[in-house]
Every structure is written in structure tokens, then in C-alpha cells.
Amino acid sequence: MTSDLHISAVSREKRARVEPIIDQSFNGLYRWHARRILRSVQWVTEAVHVDARVGVAMFTLLGKRSAYVYYLAVVPSQRAKGIGGMLLDDALNLLLESGALEVFACVRTDNIPSLRLIQSRDFVRTGFRELVASKGFAPAAKLWMQMVVAPGEKVFRKVVRP
Ligand SMILES: CC(C)(COP(=O)(O)OP(=O)(O)OC[C@H]1O[C@@H](n2cnc3c(N)ncnc32)[C@H](O)[C@@H]1OP(=O)(O)O)[C@@H](O)C(=O)NCCC(=O)NCCS
């Protein structure tokens, strides 16, 4: 499956076409927020297998050197086949090429597939205190607010350019 998979950016005018993936992947507030982010976020990429859209990633630079992966979603019938990992690898490459030194992602620790996915890409748990210690209070607070960390979510960080 993954050898026939194509990942490409989705222009702003065409983003509505990945909404069905979001609707199959999120409920409630997360669905509402993912649909909202879909329209405004810097990059949306889609994974296409043959003619079917099977996955989506939404990510952005937050400032010049930090980046954030808002959402990754794969249609339920195609999960656990490596598509989420390919979407994440593609996003990390694009962010690295765009100047990011570090990439953040928020994950609910009860979301095992999501947790396994980011841990397989060497994301490491961090927290507000660690960010304050490394960046200072104001930059850390700004970053934290931009990520919109929801209750129950933990923040993970990956250094993409040491
Ligand atoms: C999270 C998600 C994007 C992962 O996509 P995927 O295509 O299934 O991911 P992959 O096949 O690349 O697998 C990634 C890792 O998760 C593991 N995994 C996948 N499904 C799993 C499951 N149901 N239970 C346990 N582990 C699972 C894989 O084994 C792999 O880990 P490994 O590299 O250590 O072997 C997908 O499950 C999804 O769309 N979930 C709903 C939306 C969501 O919660 N998104 C994340 C928050 S934004």
C-alpha cells in the first residue's frame, strides 16, 4: 500500500475535499476545531492511494524556528498500514526545509495509535516549565497559546535540526 501512496499539498481552495477524512477521524470539539484549522493552517497535505484520499496532515511554522503539527488523520479502513507515519515524515521534511529547528505535537495519552506514532518518530514529552527554562517566559507562553493545548493533552517535541 505505502509504495502506491502519494502525498501532496492541498491548496486553500481545495481543502474542503479532505473534510470527509476529518469527519471519519474526529468527534465533537476536535472535529469542529480540525475543520476550522483546515481552512486557516499554513500547510495541508493529503495522502492519496490510487484514486482514494486516505489521510491528511495539517501543520505550520510558529515563528521562524518552531513548528507545530496540528492534526494527522487516516481513514479508519486504512489505519495501521504506515500511512500516518508517511504523512508525519513528509510534514517533518517540509518543516525542516522551511527552517524549523523543532517541531511540536500535542497528543492525548489515551490515544495509543497517535502516541505510538509520534514516539516512533522520536518526539519527546515536554512541558511548559521546560519551555520556559529554554526560551524564557514570554516566548514559551506565546508558543503554548498558539498550540492551544487542550485538557488531557500532553506536549511532545522533536528536534529536527540540532
Ligand atoms: C493516529 C493516526 C493518524 C495514525 O495513523 P496510522 O496510519 O494508523 O499510523 P501508522 O500505521 O503509521 O502507525 C503508527 C504507529 O501507531 C501504531 N498503531 C497504529 N494503529 C494502532 C492501534 N490501533 N493500536 C496500537 N498501535 C497502533 C503502529 O503500530 C505504529 O507504531 P510503530 O511505528 O511503533 O509500529 C490514526 O490512528 C488516526 O487517524 N486516528 C484518528 C485521528 C487522531 O486521533 N489523530 C491523532 C491526533 S491529531
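Q: Helices are DSSP runs of H or I with at least four residues, and strands are runs of E with at least two. By that count, how many helices and strands does the chain have?
A: In this predicted model, the chain has six helices and seven strands. Read from the N terminus, the elements follow the order β-α-α-β-β-β-α-β-α-β-α-α-β.

Q: How do you know whether the radius of gyration of the chain agrees with that of a compact globule?
A: The globule rule is 2.2 Å times the number of residues to the power 0.38. For 162 residues the expected radius is near 15 Å, and the chain has 15 Å, so the two agree. Along the principal axes, the C-alpha atoms fill a box of roughly 45 × 35 × 30 Å.

Q: What share of the residues in the chain is called buried?
A: A residue is buried if 20 or more other C-beta atoms lie within 10 Å of its own. Of the 162 residues in the chain, 27% are buried.

Q: What share of the contacts between residues at least 6 apart in sequence joins residues at least 24 apart?
A: Contact here requires C-beta atoms within 7 Å. Of the contacts between residues at least 6 apart, 66% join residues at least 24 apart.

Q: What makes up the shell around the ligand?
A: A residue belongs to the shell if its C-beta atom lies within 6 Å of the ligand. There are 20 residues around the ligand, the closest being Arg 79, Gly 84, Gly 85, Arg 116 and Ser 120. The shell divides into ten nonpolar, seven polar and three charged residues.

Q: Which elements each supply at least two residues of that shell, and which gives the most?
A: Strand 4 (66-74), helix 3 (83-97) and helix 4 (112-120) each supply at least two. Helix 4 gives the most, with six residues.

Q: Why is Asp 122 called exposed or buried?
A: The cut-off for exposed is 12 or fewer other C-beta atoms within 10 Å. Asp 122 has 10, so it is exposed. Asp 122 sits in the loop between helix 4 and strand 6 (124-126).

Q: Why is Val 148 called exposed or buried?
A: Val 148 has 12 other C-beta atoms within 10 Å and is therefore exposed; the limit is 12 or fewer. The loop between helix 6 (137-147) and strand 7 (153-159) holds Val 148.

Q: What makes the phi of Asp 122 and that of Val 148 worth listing?
A: Asp 122 has a positive phi, near 65°, and is not glycine. Val 148, also not a glycine, has a positive phi of about 50°. Most residues other than glycine have a negative phi.

Key
Residues numbered from 1 in each chain as written. Predicted model: local features only at pLDDT ≥ 70, side-chain atom pairs only at ≥ 80, totals over all residues. Nonpolar A, V, L, I, M, F, W, Y, C, P; charged D, E, K, R; others polar. Contact = placed C-beta atoms within 7 Å.
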